[in-house]
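The exercises below are to be worked with the sequence and the 3D structure at hand. Try each task before reading its solution.

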Amino acid sequence: MPSDKSVALYPDLSLTLTEAGTGRPCLVLHGGGGPATVAGLASHLAQTAHTITPVHPGWDGTQRPGWLTGIDDLALAYLHHLQDRGLRDVLVVGSSIGGWTAAEMAVRDTGGIITGLVLIDPVGVHVETEPIRDFFALDALGVAEYAWHDSARFHRDPETLSAGQLALQRDNMATLRVLAGDPYMHDPKLLRRLRRVDVPALLLWGGSDRIVTPAYGAAYAEAFGSGRLHVIPEAGHLPHLERPEATLAVIDAYLRETSGDRLGTRSPGAVCRGR
C-alpha cells in the first residue's frame, strides 16, 4: 500500500512524499497540474519498482521556502534527497516541468545515481524554431485546445469547480510562475549541457501536443548523449492520462530494453534515436 510521509531535507524545507512498491528506486515527478496527474503512472511503476512521488514544494498547499525560485533549486533538492537516502540505480520519470526537473537533475548528477530517464512531454529547453506555448495566457478552453488531443473530453469548466479547488489551482499556478516564469519554461543553458548525459533517455511525446510540439521533442531527444523520441498518436501534453495503455507499454518496453545496460550488457537498440 502507498504510504505518505514528510521528510525534512533542509531546516526550512520538508518534502511531502508518497512511496509504494519494492525494487529499483523510481522518482516520479509531476507537472504543473500537480501530483494527481502522475498517480496512475506511479501506481503502475510500483508493481515492479519502489516509487517515490513527491509533491513539488508550493503545490497542493505544501510550503515553498523563499529561496526555492527555480527548477534548478528543485532538481538539487531532489538529488540531495536521493543522496541522503543512499539510493543508487535510480530511474527518474517526469512529466512536463517534472521532466525538465529530471533533465536538470541528470546534468548535475556527478555521482552516477541516476541510471535511467523517462521524460514525458518535458519543457525546459529553448528550440529556436519551436517556441513553447504561453500557458499562462491560456484560459481553460485554451488549455484544453492546446494540451489535449480530445479537448472536449478533458476540458474542465471553472464554473464546475469549488472555491477551494479554484484557490488551490491559483496557488499552484502562482508557484509555477515563480519557478518557471522567467525565463519562460526553459533554462537557456540546458540544451547544450544535455550532451554530457549518457544514461538512456526516453522522451515520450503526445503527437497532438501543441504546448510543446513533437518537433520540439525531437530536438530535445537529439541533445542527449543517448536519447530517443517516441511519439504517442492521438495524445496531447499528458499522454499518460489521455492514452495510458499505449504510454505505459512504451515505458515497460524501455525498462526491459535498458536492463542490460544496467547489468553491463547493452541491449540491442536500447539507445537508438527515432520513433
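Contact means heavy atoms within 4.5 Å. The model is predicted.

**Exercise 1.** Find which residues alanine 77 touches, not counting residues up to four places away in sequence.

Solution.
- Step 1. Locate the residue: alanine 77 is found in helix H2, which covers residues 71-84.
- Step 2. Apply the cut-off for contact. Alanine 77 touches Leu9, Tyr10 and Leu13 once residues up to four places away in sequence are left out.
- Step 3. Check one of these along the chain. Tyrosine 10 and alanine 77 are 67 residues apart along the chain, yet their C-alpha atoms are separated by 8.8 Å.
- Step 4. Decide on burial. Buried means under 20% relative accessible area. Alanine 77 has 0%, so alanine 77 is buried.

**Exercise 2.** Describe how strands S1 and S2 are joined, and give the order of the strands in the sheet.

Solution.
- Step 1. Strands of a sheet pair through backbone hydrogen bonds, either parallel or antiparallel.
- Step 2. S1 (residues 3-10) and S2 (residues 13-20) run antiparallel and are joined by 7 bridges. In one of the pairs, serine 6 has threonine 16 in S2 as its bridge partner.
- Step 3. With 2 residues between them, S1 and S2 form a hairpin.
- Step 4. The sheet is open, has 8 strands with mixed pairing, and follows the order S1-S2-S4-S3-S5-S6-S7-S8.
- Step 5. S1 and S8 (227-232) are the edge strands, each pairing on one side only. On average, neighbouring strands are turned by 25° against each other, direction ignored.
- Step 6. Now take a parallel pair: S5 and S6 are joined by 6 bridges. Serine 95 stands opposite isoleucine 120 in S6.

**Exercise 3.** Work out what H2 packs on and at what angle H2 and H3 pack.

Solution.
- Step 1. H2 packs on the sheet, where it touches S1, S2, S3 (24-29), S4 (49-55), S5 and S6. The direction of H2 makes about 105° with that of S1.
- Step 2. Turn to H3, residues 97-108. H2 and H3 pack at an angle of about 65°, and their axes are 8 Å apart. Their crossing is right-handed.
- Step 3. Name the residues in the contact. H2 supplies Ile71, Asp72, Leu74, Ala75, Leu76, Tyr78, Leu79 and Leu82, while H3 supplies Trp100, Thr101, Glu104, Met105 and Arg108.

**Exercise 4.** Find which residues have the most contacts inside the largest nonpolar core.

Solution.
- Step 1. In soluble globular proteins, nonpolar side chains tend to be buried together.
- Step 2. The largest nonpolar core here has 54 residues, and Met105, Leu117, Tyr220 and Phe224 have the most contacts inside it. H2 gives the most to this core, with 7 residues.
- Step 3. Look at leucine 117. Beyond four places in sequence, the residues that leucine 117 touches include Leu91, Val92, Val197, Phe224 and Tyr254.
- Step 4. Apart from the largest core lies another, of 20 residues, with Ala42, Val118, Leu202 and Leu248 among them.

**Exercise 5.** Aspartate 89 and aspartate 121 each have a positive phi. Is each buried, partly exposed or exposed?

Solution.
- Step 1. Phi is near 55° for aspartate 89 and near 45° for aspartate 121.
- Step 2. Place them. Aspartate 89 is in the loop between H2 and S5 (90-95), and aspartate 121 is in the loop between S6 (114-120) and H4.
- Step 3. Use the limits: buried is under 20%, exposed over 50%, and partly exposed in between. Aspartate 89, at 23%, is therefore partly exposed. Aspartate 121, at 0%, is therefore buried.

**Exercise 6.** Find which backbone oxygen the side chain of histidine 240 reaches.

Solution.
- Step 1. Histidine 240 is in helix H9 (residues 239-242). Its relative accessible area is 7%, so histidine 240 is buried.
- Step 2. The side chain of histidine 240 reaches the backbone oxygen of threonine 37 at 3.1 Å.
- Step 3. Leaving aside neighbours within four places in sequence, histidine 240 is in contact with Thr37, Val38, Leu41, Ser95, Ile120 and Thr247. Two of these are familiar from Exercise 2: serine 95 stands opposite isoleucine 120.

Key. Residues are numbered from 1 along each chain as its sequence is written. This is a predicted model: local features need pLDDT of at least 70, side-chain atom pairs count only at pLDDT 80 or more; totals for chains, interfaces and linings use all residues. Side-chain values use heavy atoms; hydrogens and water are left out. Two strands pair if DSSP finds at least two bridges between them. Helices (H or I, at least four residues) and strands (E, at least two) are DSSP runs, numbered from the N terminus. Buried means under 20% relative accessible area, exposed over 50%, partly exposed in between (1.4 Å probe, protein chains only). A polar contact is a pair of N or O atoms within 3.5 Å; within protein, one must be able to donate a hydrogen and the other to accept it, and residues adjacent in sequence count only if both atoms are side-chain atoms. A nonpolar core is a set of buried Ala, Val, Leu, Ile, Met, Phe, Trp, Tyr and Cys residues joined through side-chain atoms within 4.5 Å. Axes are lines fitted to C-alpha atoms, for helices over the stretch in contact, and angles run from 0 to 180 degrees between N-to-C directions. A crossing is left-handed if the near helix is turned anticlockwise from the far one by less than a right angle, and right-handed if clockwise.
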